[in-house]
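Thank you all for making the time this morning. I would like to take you through one structure slowly, beginning with the chain as a whole and then moving on to single residues.

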Amino acid sequence: MNTQEPSPDSSPDTPALGDAEPVWVPGYPWWVRMLAVLHVLSHVFGPVGFFVLMAVAGFLSVRRRGVHETVIGVGTLALACPVFGAIYRGWFERFGRRHWPDSSATASGDQRTE
């Protein structure tokens, strides 16, 4: 007697090959999604870049016993980090509104293929 149990793959709850769920396709190109990731990361990179570069400028100032061109350059870069992060965020938000004016949290342009 062969009392073999049915395999888990042949259960009635397993969908057939043609009964697959719809596939989610994002409504934005990959490069726009990458710009969106950079938008979020700019909230971190601005302040972290400021504090790290100011610490480097302070260290160089103490080590070289005075303010030199390198210290001024690194300090200027430190000030530029949050400024350019804010400029980038503003540009990206205007870019998104210009190219996708009807997008919102509820209607993001996502599509489902069936």
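What follows is a short walk through this model, from the overall layout to the details.

Please keep in mind throughout that this is a predicted model, and that the numbers I quote are computed from it.

Let me begin with the layout of the chain, which has 2 helices and 2 strands, and which follows the pattern β-α-α-β when it is read along the sequence. Helix H1 covers residues 30-63, and helix H2 covers residues 69-99. There are 114 residues in the chain, and buried residues make up 18% of them. The accessible surface comes to about 9,300 Å², and 65% of that surface belongs to carbon and sulfur atoms. If we take the contacts between residues at least 6 apart in sequence, then 78% of them join residues at least 24 apart.

With that in mind, which residues form a nonpolar patch on the surface? They are Val 37, Leu 38, Leu 41, Val 44, Phe 45, Val 48, Val 52 and Val 56, and together they have about 650 Å² of accessible area. To take one of them, Val 52 has its place in helix H1, and at 48% relative accessibility Val 52 counts as partly exposed, because the partly exposed range runs from 20% to 50%.

Next, I would like to look at some residues of helix H2 and at what they touch in space. Thr 70 lies in helix H2 and counts as partly exposed, at 35% relative accessibility. Not counting residues up to four places away in sequence, Thr 70 touches Leu 60 and Arg 64. The C-alpha atom of Thr 70 is also separated by 7.9 Å from that of Ala 57, although these two residues are 13 residues apart along the chain.

Val 74 is likewise placed in helix H2, but this residue counts as buried, with a relative accessibility of 13%. Once its neighbours within four places in sequence are left aside, Val 74 is in contact with Leu 53, Val 56, Ala 57 and Leu 60. For Val 74 and Leu 53 the distance from C-alpha to C-alpha is 6.2 Å, while in sequence the two are 21 residues apart. Val 56, which we have just met as a contact of Val 74, is also one of the residues in the nonpolar patch.

Thr 76 is in helix H2 too, and at 48% relative accessibility Thr 76 counts as partly exposed. Its C-alpha atom is separated by 8.9 Å from that of Met 54, and the two residues are 22 residues apart along the chain.

Now for a charged residue, and here I would ask you to find Arg 89 in helix H2. How far from Arg 89 is the nearest side chain of opposite charge? That side chain is Glu 93, at 6.0 Å, and Arg 89 is buried yet has no salt bridge. A salt bridge would need the charged atoms to lie within 4 Å. Leaving aside neighbours within four places in sequence, Arg 89 is in contact with His 39, Ser 42 and His 43.

Ser 42 gives us the view from the other side, since Ser 42 is found in helix H1 and is buried, with a relative accessible area of 7%. Again leaving aside neighbours within four places, the contacts of Ser 42 are Pro 47, Gly 85, Tyr 88 and Arg 89.

Finally, let me turn to the aromatic rings, of which the structure holds 9 pairs. The rings of Phe 50 and Phe 51 have their centres 5.2 Å apart and their planes at 70°, so this pair is edge-to-face. Within that pair, Phe 50 is partly exposed, with a relative accessible area of 22%, whereas Phe 51 is exposed, with 57%. Phe 95 and Trp 100 also form an edge-to-face pair, at 6.1 Å centre to centre and with 75° between the planes. Of these two, Phe 95 counts as buried at 9% relative accessibility, and Trp 100 counts as partly exposed at 22%.

Phe 95 and Trp 100 also belong to one aromatic cluster, together with Tyr 28, Trp 31, Tyr 88, Trp 91 and Phe 92. In that list you will recognise Tyr 88, which we met a moment ago as a contact of Ser 42.

How values were computed
Residues numbered from 1 in each chain as written. Predicted model: local features only at pLDDT ≥ 70, side-chain atom pairs only at ≥ 80, totals over all residues. Heavy atoms only, no water. Phe/Tyr/Trp six-rings, centres within 6.5 Å; stacked < 30°, edge-to-face > 60°. Buried < 20%, exposed > 50% of the residue type's maximum accessible area, 1.4 Å probe, protein only. Helix = DSSP H or I, 4+ residues; strand = E, 2+ residues; numbered from the N terminus. Contact = heavy atoms within 4.5 Å. Areas by Shrake-Rupley, 256 points an atom, 1.4 Å probe, with all protein chains shown as cover. Patch = residues over 30% accessible without salt bridge, like charges linked within 9 Å, V, L, I, M, F, W, Y side chains within 5 Å. Lys, Arg positive; Asp, Glu negative; His and termini not counted.
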